[in-house]
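Look over the sequence and the model below. The report that follows covers confidence, fold, surface and a few chosen residues.

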Amino acid sequence: MFSNYLIGLREGLEASLVVCILIAYLVKTGRRDALKPVWTGIAIAVVIAMGFGCVLEFGSQELTFQAQEALGGSLSILAVGLVTWMVFWMRRTARHLKSELHGKLDAALAMGTGALVATAFLAVGREGLETALFVWASVHAAGDGTPRPLVGVALGLATAVLLGWLFYRGALRINLAKFFTWTGGMLVVVAAGVLAYGVHDLQEADLIPGLNSLAFDISGTIPPDSWYGTLLKGVFNFQPDPTVLQITVWLLYLVPTLALFLAPVGFASGKGKVKSPDEQGTQPGDRGSAQSRAPQA
């Protein structure tokens, strides 16, 4: 449940901050007339993301077991790829996101209502589709037959909406750079578990070998139906009897990805650690600033 709460919180807060930046900019520039098409684009993005999640959930139920496992494994791997790209993208571009959104909004204002709807839709829709896919993959990996994963996602999204509203009203200050670093790191750990489970699905679908080659089996020590087994499953997608390939893939993904993510920005390109937001003159309200809050209306 915690891993799904984290997904809802992280993805939902990104979308909430995007909405906050768009709305605050229109209010502060005196373009309240543009709020309706922006909200329309946001609503369309939310509906499409929910529809996409429903298609994944109910569409897969009509498939054979082998086809379900093949689909689940493939989409789990795709979801891990998308969420990995997302956390690195946010780490690299967060400081410039506010000015980028303002520029796109200025161009849309000049083009008319349709462009405003499209801008808001694209800004929020990407987050929504990524969230729907990764949530589906994570819930599928949990596979405990209870509504707890969905409850965790719902609570995470609700928390994100509340935090976004508090940012907008200027009632809350938080170190967003550290927040996205810590949640991004935890999300990489969750993604590693989803990836391992995706590999297991593909093994059950007979698409890749090794289903019976277990790395270890500690089901007797950590029963899957025990409270601590359920906790480990919910937080880390832990499996007491993983295959050798699952453990190999888990380690090959987690160790280098987490090391690169936690390395100083610019390390991979040889540029060294970037200056702090204060040294760069980052303005309060930027998503990556040391003490950020959204501009008040």
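What is the mean pLDDT of the chain, and what share of its residues reach 70 or more? This is a predicted model. Its mean pLDDT is 79, and 82% of the residues reach 70 or more.

**Confidence along the chain**

Confidence is highest in helix α8 (residues 244-262), at a mean of 94. It is lowest in helix α9 (residues 277-280), where the mean is 40. Over residues 268-297, pLDDT stays under 50. The model still has 73 contacts beyond four places in sequence for that stretch. Where pLDDT is low, the predicted coordinates should not be read in detail.

**Fold and packing**

The chain has nine helices and zero strands. Along the sequence the pattern reads α-α-α-α-α-α-α-α-α. Among contacts with a separation of 6 or more, 81% join residues 24 or more positions apart. Of the 297 residues, 47% count as buried. The chain exposes about 14600 Å², and carbon and sulfur atoms supply 68% of that area.

**Annotated spans**

An unreviewed UniProt entry places the feature "transmembrane region" at residues 38-58, 70-88, 108-129, 149-167, 179-199 and 247-267. Two of these spans are set out here.

| Span | Helix | Strand | Distance between end C-alpha atoms |
|---|---|---|---|
| Residues 70-88 | 100% | 0% | 28 Å |
| Residues 108-129 | 95% | 0% | 22 Å |

Residues 70-88 are helix throughout, at 100%. Residues 108-129 come to 95% helix, with their end C-alpha atoms 22 Å apart.

**Cysteines and T183**

The structure holds zero disulfides. Is C20 buried or exposed? C20 has a relative accessible area of 4%, so it is buried, the cut-off being under 20%. C54 has a relative accessible area of 41%. That value lies between the 20% and 50% cut-offs, so C54 is partly exposed.

T183 is found in helix α6, which covers residues 176-204. The UniProt record also has a "transmembrane region" at residues 179-199. Why does T183 count as buried? Its relative accessibility is 5%, and buried means under 20%. Which residues does T183 contact, leaving aside its neighbours within four places in sequence? T183 is in contact with L6 and R10.

Key. Residues numbered from 1 in each chain as written. Predicted model: local features only at pLDDT ≥ 70, side-chain atom pairs only at ≥ 80, totals over all residues. Heavy atoms only, no water. Helix = DSSP H or I, 4+ residues; strand = E, 2+ residues; numbered from the N terminus. Buried < 20%, exposed > 50% of the residue type's maximum accessible area, 1.4 Å probe, protein only. Contact = heavy atoms within 4.5 Å. Areas by Shrake-Rupley, 256 points an atom, 1.4 Å probe, with all protein chains shown as cover. Disulfide = S-S within 2.5 Å. pLDDT = per-residue confidence, 0-100. UniProt positions renumbered as here; feature names shortened; annotations may be inferred.
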